[in-house]
Amino acid sequence: MQRVREQIAAVERLAQPRRAPQPPAAARPAGPRRPPTPDWGIVDAGAGAPATEIHRGDCWATGKTLRPISAERARADLADGAQACEVCRPDTVLCRPGSTSS
């Protein structure tokens, strides 16, 4: 009976997936880190942009000029006449009564 248990254990060890050993955190290369994606952002009017636009932080249509802003600032700017992005439509979330997104 003991021999059967040993054979079962050997087969189970072989069936387990093998993982490559991970280097310790100190040995990993420290490359440049991307800043965290903001929840909301603003793109100021400029060359080729007709007016200030409010975007979601993960909108692909912002280019590289997105400045992070708070949800309160985004709501205030939308109320003051800033345009909402036609792609990500932040106004549908930000201007919803009782919305608590940040």
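This report covers the strand order, one helix residue and the salt bridges of a predicted model.

**Sheet**

Four strands form an open sheet in the order S3-S1-S2-S4, and their pairing is mixed. The edges are taken by strand S3 (67-69) and strand S4 (83-84). Each of these two has a single partner strand, so one side of each lacks a neighbour in the sheet. Strand S1 (residues 40-43) and strand S2 (residues 53-56) run antiparallel and are joined by four bridges. Gly41 has His55 in S2 as its bridge partner.

**Asp77**

Helix H2 spans residues 71-79 and includes Asp77. Is Asp77 buried or exposed? Its relative accessibility is 14%, and because buried means under 20%, Asp77 counts as buried. Which residues does Asp77 contact, apart from neighbours within four places in sequence? They are Ile42, Ile54 and Ala82. Strand S1 covers residues 40-43 and strand S2 covers residues 53-56, so Ile42 falls within S1 and Ile54 within S2 by these ranges.

**Salt bridges**

Side chains of opposite charge can pair when their charged atoms come close. The model has four salt bridges by the rule applied, a side-chain nitrogen of Lys or Arg within 4 Å of a carboxyl oxygen of Asp or Glu. Among them are the pairs in the table.

| Acidic residue | Basic residue | N to O distance |
|---|---|---|
| Asp58 | Arg56 | 3.4 Å |
| Glu86 | Arg89 | 3.7 Å |
| Asp91 | Arg89 | 2.8 Å |

Asp58 and Arg56 meet through their side chains at 3.4 Å, N to O. Asp58 has a relative accessibility of 54% and counts as exposed, because exposed means over 50%. Its partner Arg56 has a relative accessible area of 31% and is therefore partly exposed. Arg56 belongs to strand S2, which covers residues 53-56.

Arg89 takes part in a salt bridge with Glu86, in which the closest N and O atoms are 3.7 Å apart. Glu86 is exposed, its relative accessible area being 62%, whereas Arg89 is partly exposed at 33%. The side chain of Arg89 also meets that of Asp91 in a salt bridge, at 2.8 Å from N to O. Through shared partners, these salt bridges join Glu86, Arg89 and Asp91 into one network.

Note on methods: Residues are numbered from 1 along each chain as its sequence is written. This is a predicted model: local features need pLDDT of at least 70, side-chain atom pairs count only at pLDDT 80 or more; totals for chains, interfaces and linings use all residues. Side-chain values use heavy atoms; hydrogens and water are left out. Buried means under 20% relative accessible area, exposed over 50%, partly exposed in between (1.4 Å probe, protein chains only). Contact means heavy atoms within 4.5 Å. Two strands pair if DSSP finds at least two bridges between them.
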